[in-house]
Protein chains: 4
Amino acid sequence: MAKLYFYYSAMNAGKTTHLLQSSHNYRERGMSTLILSPAIDQRFGQGVVQSRIGISAPSVIFHGKEDLYELVKKQPPVDCILVDEAQFLSKAQVFQLGEVVDQLHIPVLAYGLRTDFQGELFEGSQYLLAWADELKELKTICHTGKKATMVVRVDDEGKAIKQGAQIQIGGNERYVSVSRAEYKRIFHDEGSIKPSQIALPLEDL
Amino acid sequence: MAKLYFYYSAMNAGKTTHLLQSSHNYRERGMSTLILSPAIDQRFGQGVVQSRIGISAPSVIFHGKEDLYELVKKQPPVDCILVDEAQFLSKAQVFQLGEVVDQLHIPVLAYGLRTDFQGELFEGSQYLLAWADELKELKTICHTGKKATMVVRVDDEGKAIKQGAQIQIGGNERYVSVSRAEYKRIFHDEGSIKPSQIALPLEDL
Amino acid sequence: MAKLYFYYSAMNAGKTTHLLQSSHNYRERGMSTLILSPAIDQRFGQGVVQSRIGISAPSVIFHGKEDLYELVKKQPPVDCILVDEAQFLSKAQVFQLGEVVDQLHIPVLAYGLRTDFQGELFEGSQYLLAWADELKELKTICHTGKKATMVVRVDDEGKAIKQGAQIQIGGNERYVSVSRAEYKRIFHDEGSIKPSQIALPLEDL
Amino acid sequence: MAKLYFYYSAMNAGKTTHLLQSSHNYRERGMSTLILSPAIDQRFGQGVVQSRIGISAPSVIFHGKEDLYELVKKQPPVDCILVDEAQFLSKAQVFQLGEVVDQLHIPVLAYGLRTDFQGELFEGSQYLLAWADELKELKTICHTGKKATMVVRVDDEGKAIKQGAQIQIGGNERYVSVSRAEYKRIFHDEGSIKPSQIALPLEDL
C-alpha cells in the first residue's frame, strides 16, 4: 500500500544521501524511480541532486506553480517518487503528492527541513507534517552533543541573523544546525557561535 | 535528558489513555507528575482528564493566555508534565513548554490532534510539530481498514461540514477519524459516510 | 496490507492497556477483534486480559503446543488479532502468527517483554524480534529517571536473584523494570534496590 | 545521554551508507568518531568500510575474541563509535559496547542484519535486539513491492539453499532481501527467484 513519507531533519543531516540510497535500492531490484527537485535550488545545475558526501543523481526540476500530479502522470510509470528539498513545496503541491499516493498508488518519499532560521515551518513542511502518512526523523548532532533539531542563520561573527527572506541563496550568511536550547541561546539571548562550530557554508539548503 | 514529546493522532486513538498510563507509570515508581488540560474542554468538569475507555485523573486547568512556564514553576516540583488536548495550546505556550524542558529539565509529554476538520494544523500542533524533540504517532484505524490520520466533521446525514469555527463543542456535528483518501472522498468529492461508520459523538475533542 | 507488529517493553509499561485500547478502537468503528492470551498467565481467571490501570476484556486462552493458525481459522472472521504476554509464544507459534498475516491477511499485534530476569530473550520475543514487520517500543521509566529497558528479579532485601526458572509465578520475588545501567549495578555488581523503588508485586508478568 | 543504537535491516538496505553519513555529520561539526568493523569481512582490505553506493572510510578491525571495551579505552577519546556488520559481534562484545555507553558515556551506533539465510538471528543481532536502547529499522524493498525484512540464500537457479554455515564468503551463492511472505515461498515452499530479481552478489554481507 503506497504511502506519503516525510523525512524531516535539520540541515546537514544527510537527507540527500538517504534519498539517493533509497532510489538506488529500488533500481538495484529492477524497479524505476523519479527524483524531483525544486527549481529554487540550482547550486549543482539544472536537474542534479547531490549529497555533500559525494554522490549524485539526475532529477526532474519542478517550478513553484507546477501541478506535480500532472507532472507525474506525464512521466513513464515508476515504482517510487523521491522529492528533494521538500520544504519548498507549496500547499497545493503537497496535496498533489497525496493524490499521487492515493490515486496512482505510487509511494512518495519527501525529504526536507522542518523549520526556517526564525523557527517557523516552511510551507512544504507544514503540509507534509499535516498530511503525510509517516513522519520520520533523520537525526543529526549539535556541536553541544545534543540532537540538532533547528537551524540558525548567523553572520560572520557567529551572531544570529533575525530578519530576512525565508530563502536566501548566496551571501555571507551561514546556517548551523543546533539543538532547541542552543537555538534559543543564539537567537533569543544574543549569544554567538564560534566559527569552528559552523560546519560548512550553505551546503544542504 | 529531558525532552519535549508530541504524541499526535486523529480523534479517538487513545491519546488520553496513553497519557493516563504514562502518568501512572511515573507515580507507581514513587515519582510525581502534573497533568495539564486546557480550559476549553470542560466536558468532564473542571480539572478532570477522562479517557473513553473508562479511566480518569485530576488535572490542572490552564487558560489561553496563561504562561505555562510560570504555572509550572509555581507548582511543587514534579518528574514529568503531561498535557491533554495539546492542539489548543498557543504558539507562546508551546514555547513555554520548551522552556520547561530546556531550563527546568522536566520532560513534557503533549498529546493532541494534528489537523482540524478542514485539514489544517491547529496552532498548538503546528508549533509542537515544529519544535518538539520527538514526534510520536498514536495509530488508529479508519472504517476502510487503512490507518486513520485525518478528522472529518459531518452532519446528521454523514455529509462533510466544510465551514465553521475550528473548535465547536456541542451541536449535532460528529467527528470521524478517517484515512486521507477517505477524507478527500467525503470533504472534496461530496461523498458521505454511513451513520454506522461514525463511532461516537464528540468523544475525544 | 496486514502486518505482524511486536510491541515490546519492560514490565509495567502499559502493554495490556495499549492492547485493550487498540481492540476498543477497532470495535468502536464496527470491526471485530480477537484477543489471545497464554494459558500460563491465569491470575485473572481463564480468558481475561486485565490492565493494572483498571480495565479488562475477555480473551481466548491458548496452550503452549496449540497451532495458532488453526485456532484463528476456526474462529469467526475478525479484523485484528491481539496477543497478550507474547513473550510466552513458542517459535512455532510466532511462525503461525506470521502465516495469519501473510495467508489470512489479518493484522496481528503482539505485546510482550523483551528479556527475562537474566537479560536473555524469551523464546516468543526472540522470534518476534526476528520476524515481525514492525518493532515498536512502549516506553517506561526507571526509578533513576532513565528509560527502563530491562527487568530484574529481586528478593525481600532488594538483592538480585540470579538463578531460577525463567517463568516463576507466585513466591516472594519481585520484578523491577530498570535501565541497563541500573540492571548491571544490581545483577552484576551486587547492588540492591530499595523497597520503595519496587513498584508492585508480579503485576504485569 | 549516550545510548546504544541498533540499526537493523535486510541486506542491501544502505546500512554502511547510513554509518558513513553519521560519522561524516560528527566530523563536520568538529567532533571525532571511531569506526569498528569485524575481521571476518575483508572484502575491501583491512580496515576499510565501503558502501555499495561508492563511499568509504577507514576503520579499526576487531577480532571475535577481542574485548571492545578495552579496545575503545586504548584509543584516543571520541564522540561517537560506529560498528559495521554488527551481526558478527559476540554476546560478550555486545555487553562490552553497553559498557562503553554506560561507563564511558559514548554513544554507539551498531549496524547489522537481523536474520541469517535460515531466518535465525545472528548472535550479535540477538543481543543487540535484547539490550540496545533504541532499535531502528533501515527499510528496503522486496522485488514484490513489499518491504524486505529477510534474507534468502539462493543457488544459480534461484532455488533456496537451506543448509550450510551461517557465514559463507565466496562461492556461487547469492543473497536476496525479500519480504517474509516471499521468503517462505522460496525457502519453505520450494519456489525460486528469477535471476533478474537478484540484485548483486554478496554485496553487503
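**Exercise 1. Locate K159(B) and state whether it is buried or exposed.**

Step 1. Find the segment. K159(B) sits in the loop between β9 (150–154) and β10 (174–178) of chain B. Strands here are DSSP runs of E, at least two residues long, and helices are runs of H or I, at least four residues long; both are numbered from the N terminus.

Step 2. Check the numbering and the model. Residues count from 1 along each chain as its sequence is written, while chains are lettered from A and ligands numbered from 1 in the order in which they are written. This is a predicted model: local features need pLDDT of at least 70, side-chain atom pairs count only at pLDDT 80 or more, and totals for chains, interfaces and linings use all residues.

Step 3. Apply the burial rule. A residue is buried if 20 or more other C-beta atoms lie within 10 Å of its own, exposed if 12 or fewer, and partly exposed in between, with C-beta atoms placed from the backbone. K159(B) has 15 other C-beta atoms within 10 Å, so K159(B) is partly exposed.

Step 4. List the partners. Two residues are in contact if their C-beta atoms, placed from the backbone, lie within 7 Å. Leaving out residues up to four places away in sequence, K159(B) touches V154(B) and S192(B). The C-alpha atoms of K159(B) and K194(B) are 9.1 Å apart, though 35 residues separate them along the chain.

**Exercise 2. Explain why helix α4 of chain C is largely enclosed.**

Step 1. Count. Helix α4 (residues 123–131) of chain C has nine residues, and eight of them are buried, so the rest of the structure largely encloses this helix.

Step 2. Name them. The buried residues of α4(C) are G124(C), S125(C), Q126(C), Y127(C), L128(C), L129(C), A130(C) and W131(C).

Step 3. Find the cover. From chain C, it includes β1 (4–9), α3 (91–104), β7 (108–113) and β8 (134–137). From chain D, it includes α4 and α5 (180–187).

**Exercise 3. Describe how α3 and α4 of chain D meet.**

Step 1. Take the axes, which are lines fitted to C-alpha atoms, for helices over the stretch in contact; angles run from 0 to 180 degrees between N-to-C directions. The axes of α3 (residues 91–104) and α4 (residues 123–131) of chain D come within 8 Å and cross at roughly 35°.

Step 2. Name the residues. K91(D), V94(D) and G98(D) of α3(D) meet E123(D), G124(D), Y127(D), L128(D) and W131(D) of α4(D).

Step 3. Sort them. This contact of α3(D) with α4(D) has four nonpolar, two polar and two charged residues. Ala, Val, Leu, Ile, Met, Phe, Trp, Tyr, Cys and Pro count as nonpolar, Asp, Glu, Lys and Arg as charged, and the others, Gly among them, as polar.

Step 4. Recall helix geometry. An α-helix has 3.6 residues a turn, so residues three or four places apart point the same way.

**Exercise 4. State how the domains of chain A are placed and how chain A meets chain D.**

Step 1. Set the bounds, which come from an automatic or database domain assignment. In chain A, domain 1 is 4–137 and domain 2 is 150–195.

Step 2. Give the spacing. The C-alpha centres of domain 1 and domain 2 of chain A lie 26 Å apart.

Step 3. Give the contact. Nine residues of domain 1 of chain A are in contact with ten residues of domain 2 of chain A. The domain 1 side has five nonpolar, three polar and one charged residues.

Step 4. Turn to chain D. 22 residues of chain A are in contact with 22 residues of chain D. The chain A side has eight nonpolar, twelve polar and two charged residues.
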